[in-house]
Amino acid sequence: MELSQAEIECDVAIGLETLEHYIFYWLTRTEPIPEGERDAAHALGQRRFDYFIEQVLRKISPG
């Protein structure tokens, strides 16, 4: 199956729009973290982000 440039651009635009809405919703619905818990939450968030990036790289890496 061969996709045209326009179809690819449309698919990418839909994916980005979906991601944008998800992030916006998450940011508007998530309660702020109490001051005393921010360092631990930041460390956990960094570990989760690193894991996420590892998974993305694994999926897009050739072979």
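1. In this predicted model, α2 is the element that gives the most to the lining of the largest pocket, with five residues. The volume of the largest pocket is about 320 Å³. Two elements give two or more residues to the lining of this pocket, namely α1 (5–29) and α2 (38–60).

2. The lining of the largest pocket consists of W26, L27, T30, E31, P32, I33, A41, L44, G45, R48 and F49. By residue class, this lining comprises seven nonpolar, two polar and two charged residues. E31 and R48 are the charged members, and T30 and G45 are counted as polar.

3. The second largest pocket holds about 190 Å³ of space. Its lining is made up of L19, Y22, I23, W26, R48, F49 and F52. Both α1 and α2 supply at least two residues here, but in this pocket α1 gives the most, with four residues.

4. The residues that line the second largest pocket divide into six nonpolar and one charged, with no polar residue. The charged residue is R48.

5. Which residues deserve attention when the two linings are read together? W26, R48 and F49 appear in the lining of the largest pocket and also in that of the second largest pocket. The leading contributor is α2 for the largest pocket and α1 for the second largest pocket.

Key: Residues are numbered from 1 along each chain as its sequence is written. This is a predicted model: local features need pLDDT of at least 70, side-chain atom pairs count only at pLDDT 80 or more; totals for chains, interfaces and linings use all residues. Side-chain values use heavy atoms; hydrogens and water are left out. On a 1 Å grid over the protein atoms alone, a cavity is a set of points where a 1.4 Å probe fits but cannot get out, and a pocket is an open set with protein on both sides within 12 Å along at least five of seven lines; lining residues have an atom within 4 Å of a point. Grid points are joined across faces, edges and corners, and a volume is the space filled by probe spheres set on the points.
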